[in-house]
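Biologist: Please take me through the chain contact and the cavities, and say what each term rests on.

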Amino acid sequence: VRITTQQIFDNLLLGIRQQQKIQADGAAQVSSGHRFTRPSDDALGFKKSVDIRHVQAGIKSSLNGLSTATSRLGASSNALSQMLPLIQRAQVLAVQQSNATLGSSERQAAAAEVTTLQDQLLALANQKFEGESLYAGTATSTDAFNTAFNAGLATYTQGVNTTISVTQTSNPNGVNDTYTITLDTTGAQITNVTNSAGTDLLAAANGGGGSVTLMSGPNTLNLGNGVALSANFNGTAQPNTDGGTLAATGANATGNINYVGNAQDRVAAITSTQTVISNVRGDETAFTQAFSSIKALKDALTANNAAGVQTALGQLNAAGDAMTELTAKTGGRLSAVTLRNQVFQDLQVQMEQRRGQIEDADLATVAASLARSQVALQAAFSEMARIGTLSLVNFLR
Amino acid sequence: VSVFGSLDVAATSLLTQQRALDVIANNIANANTPGYSRQEAILVSEQPQQAGVLNFGRGVKVDDIRRMLDPILAKTQLANSGQSALAQTLQQGLASVESTFGSLGAPGLTSTLDAFFTSLQSLANTPEDAIVRADVLTKAQTLTTQVTDMSQQLSDRQLAADKEIDPLLTKANTLLTQIADLNGRIARAELGATAFQANDLRDQRDAKVTDLSKLIAVRQVATNNGGLMLQTPGGDFLVQNDVARQLKRVASGSGFAQIAFTDNAIPASGITQGGQIGGLMTLRDDKLSKYITQLNSLAANLAFSVNQQHVNGTGTSTVSTYTSGQTATDPAGNTAAVDDDTNIPFASKIVTGAFNIYVLNADGTAVNTPPGTSIAINVTTGTKLADIATAISAVNGVSASVSSGKLTIDGGANRIVLGGDTSNFLAAYEVNAFFHSGTTAASFSVDSAIAADAGRIATGVATPPNPPDTTKSLLAVSDNTAALGLLGVRDTAASVDGATAASPIARAASLISTFGLDVAAANQDVSFRTAESNALESQRQSISGVNVDEEMVNLIRFQRSYEAAAKVIQTSNRMLDSLMGLIQ
């Protein structure tokens with residue numbers, strides 16, 4: 001092969017360029033600690049790195065979601081566990097006060113303590129976490145329970161007989177019930193207003209007459225449970241007995257503790273498709289039973305009713321069982337969330353390791369490569385200086 | 001035969017060795033001239049003189065000055081030169097937009113998308129938290145800014161690549177003319193009675209052809225009488241003997257201008273398969289265009305998918321007025337059907353369906369019974385925007401109108417909540433939307449109403465109480481139904497523009513990996529072409545390159561021959577002197 005002077009210089013220059021690239025790449029890897037930093041360094045490696053970083057972002061986000069769920073369930077569980085001793089104390093008081101030998105004064109004193117227990121229970125049930133009601137479902141801006149009187153809302157559904165339209169005008173006892181209105185065969189009289197238990201509430205009211213003869217315009221129907229209805233009659237009797245139904249909801253009697261949250265659970269997003277329930281709702285039976293049994297005990301003690309105290313004891317036992325069950329259920333949810341948290345933390349460690357395998361520079365290899373390249377570069381420089389002297393021109397003097 | 005015969009022979013030798021030395025001198029002078037091909041003086045003996053039965057040699061002469069060249073190698077180098085220029089232009093072009101796609105230190109679009117959806121997840125978990133809401137808005141604005149910046153940078157680079165073509169095309173036209181001119185000069189030099197091998201002109205022509213191949217893809221065909229024909233890879237001739245065709249830019253549809261012949265305006269076929277111009281056009285029309293399309297698709301799908309969820313929800317702010325983000329063609333919204341309006345980017349996504357409108361009091365209770373009113377959209381009968389405004393105005397407590405092509409829903413003192421849209425109307429017209437988008441990523445932005453009030457970011461939905469209860473609010477502050485829907489977009493494959501269905505993250509990752517693979521391929525191509533170029537140049541040097549040492553040896557050889565010829569003359573002279581002495 002014929003070799004020219006140009007070839008020798010070209011080859012040396014090429015070698016120097018290659019070694020300088022190794023030096024530049026090696027320096028970039030050593031200084032950054034990464035095998036690559038840009039897509040052009042290693043397209044597939046960069047893509048894998050981007051994918052893993054996306055998974056890591058998802059894991060971090062999931063851990064945040066689980067942390068929120070853990071905090072919320074932890075606070076709920078904590079408050080629930082504080083409710084249980086209150087019910088247990090009420091049970092102790094009920095056992096003591098069910099003794100027939102005790103008198104009114106002892107029961108009044110006990111009633112005062114029960115009132116305190118009831119207040120504490122209500123305060124716990126209305127507990128807030130980070131400014132939001134814990135047990136109100138998603139309606140967290142208001143208390144989960146209130147004690148305010150509420151006449152409720154009555155919704156009338158018309159029957160076959162279309163001559164009347166019924167509304168609720170008074171509900172002093174805060175009764176929630178559904179009333180069926182029945183007329184006589186001529187359609188000129190309302191003969192029965194029965195509740196959902198099948199009791200005719202019109203029979204004992206309205207002067208014991210048991211029925212109301214309809215006059216054109218509004219007609220008052222006083223029911224046995226204190227509720228007053230108004231039946232607006234159009235004046236033209238229709239021979240049909242089906243006067244329709246009236247459903248009263250949302251009513252709360254004075255002294256009752258009423259759930260005013262909603263029926264929607266607070267779910268925490270763990271991934272874009274997975275959620276966990278992160279709350280306990282106040283419309284759970286445990287709350288209803290706890291409040292109703294304490295009220296029953298308080299009422300019985302106030303009325304010095306030993307038998308009533310005995311009955312309340314039974315209700316308190318059931319409420320205690322329900323509260324224990326709810327606490328256990330909440331603890332179970334919390335455990336499940338904690339377990340998932342652990343799974344995501346393990347995954348986070350694995351992903352960190354995988355990312356390291358892809359991104360991190362193998363410093364030993366890079367250092368060896370740099371040293372090798374440095375020797376080659378020095379040799380090339382030396383050769384470049386020497387090659388200039390190896391010319392026939394230098395010998396032709 | 002006489003003493004003078006020797007003098008004559010020696011004289012031819014003196015002359016010939018001198019010419020051979022001239023060739024060597026020329027070689028040494030051009031040792032570093034790019035494209036120079038080593039020349040060699042070919043010596044032959046002169047026609048002998050017959051004297052009786054004897055033949056006497058008459059000396060030596062230079063028969064030819066041969067240009068040392070391998071034509072096949074030259075052709076391969078020409079092809080390599082064009083492909084190298086294309087690969088390098090493409091590599092440099094891609095490198096210039098690499099920062100747009102991020103690096104490990106600033107991972108770019110995917111991490112920005114991740115951050116946006118992470119903030120949405122936090123919002124879903126704490127919808128009542130105003131700080132988290134503000135964070136979602138910030139992350140969304142960062143995302144839209146990044147997408148529009150990327151779009152702008154890619155478009156700018158595309159335009160820059162387009163602008164770079166013009167001066168190169170001028171240069172290519174000049175080279176075409178010069179090559180044709182050299183063709184003529186070579187033909188004239190090598191024909192006729194005074195013909196000589198136009199080695200240096202051929203070298204010059206080869207250098208010009210190589211320069212041309214660095215600009216456009218060319219094929220070289222040798223013709224008779226030293227001529228040369230250049231063609232495009234598609235077979236269109238560029239230069240034939242001393243005739244050159246010129247190139248110019250011609251408009252091509254709505255895209256960038258293409259390259260065509262000046263004489264007939266017909267596109268030069270295959271001209272972009274090599275050279276810098278080929279590299280720039282590949283960068284402009286293939287690579288950058290592909291990234292821009294992918295980015296547009298990402299923005300369009302993300303905007304519409306998020307809006308589909310968002311329009312059905314409500315935030316913590318009490319909103320009584322909504323104005324559509326998109327503008328209908330007809331200012332009164334009374335000409336085109338809502339699914340057929342060319343001004344609305346996603347009009348075609350509207351189907352027959354309905355959405356609910358809830359008119360609420362300040363406490364969230366419903367003004368009307370039942371609480372929600374269904375507004376129907378029928379694409380078969382061609383529901384118009386004005387029809388929808390009329391239907392909304394029929395609902396107690398709210399009015400709607402179309403002005404300047406925009407639908408405005410006004411509840412006055414009442415809070416208005418929309419929901420349950422099965423028609424895609426709300427998302428397409430951007431009523432209560434999260435993002436505003438057009439046909440390209442350049443117009444991707446956060447809806448102006450959301451940008452002004454993060455409280456409008458939808459987290460919950462209007463839920464009528466069951467059983468019906470007019471005293472109860474339809475809204476709950478910690479309801480995250482809508483927020484979960486927004487979060488669900490993260491990993492849901494969707495397609496609103498005919499592209500393959502994919503999730504937003506998958507689209508972003510695909511964009512980055514497409515770019516990465518293109519860069520890797522360009523780098524590999526440059527490495528291959530450079531190695532090939534080095535190997536070919538080495539081969540060319542081996543054949544055509546000047547070795548100074550070799551030339552020095554030849555120099556000595558011819559110098560010695562010259563000296564020897566001079567000695568012959570000296571000897572002959574002495575012989576003549578001796579002869580003259582006899583006469584005296």
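Modeller: What follows covers the contact first and the cavities after that. This is a predicted model, in which local features need pLDDT of at least 70, side-chain atom pairs count only at pLDDT 80 or more, and totals for chains, interfaces and linings use all residues. Residues are numbered from 1 along each chain as its sequence is written, chains are lettered from A and ligands numbered from 1 in the order written, and side-chain values use heavy atoms, without hydrogens and water.

Biologist: What makes the link between A:R266 and B:E128 a salt bridge?

Modeller: The term asks for a side-chain nitrogen of Lys or Arg within 4 Å of a carboxyl oxygen of Asp or Glu. The N to O distance between the side chains of A:R266 and B:E128 is 3.0 Å, so the pair qualifies. The count between chain B and chain A is 3 salt bridges.

Biologist: How many residues does each chain bring to the contact?

Modeller: Chain B brings 57 residues and chain A brings 55 residues, where contact means heavy atoms within 4.5 Å.

Biologist: Why is the space lined by A:R266 and B:E128, among others, called a cavity?

Modeller: On a 1 Å grid over the protein atoms alone, a cavity is a set of points where a 1.4 Å probe fits but cannot get out, and lining residues have an atom within 4 Å of a point. The lining of this largest cavity also includes A:R72, A:F129 and B:T126. About 70 Å³ of space lies in the largest cavity, a volume being the space filled by probe spheres set on the points, which are joined across faces, edges and corners.

Biologist: Which residues line the second largest cavity?

Modeller: Among them are B:D330, B:N334 and B:Y429, and the volume is about 40 Å³.

Terms used. On a 1 Å grid over the protein atoms alone, a cavity is a set of points where a 1.4 Å probe fits but cannot get out, and a pocket is an open set with protein on both sides within 12 Å along at least five of seven lines; lining residues have an atom within 4 Å of a point.
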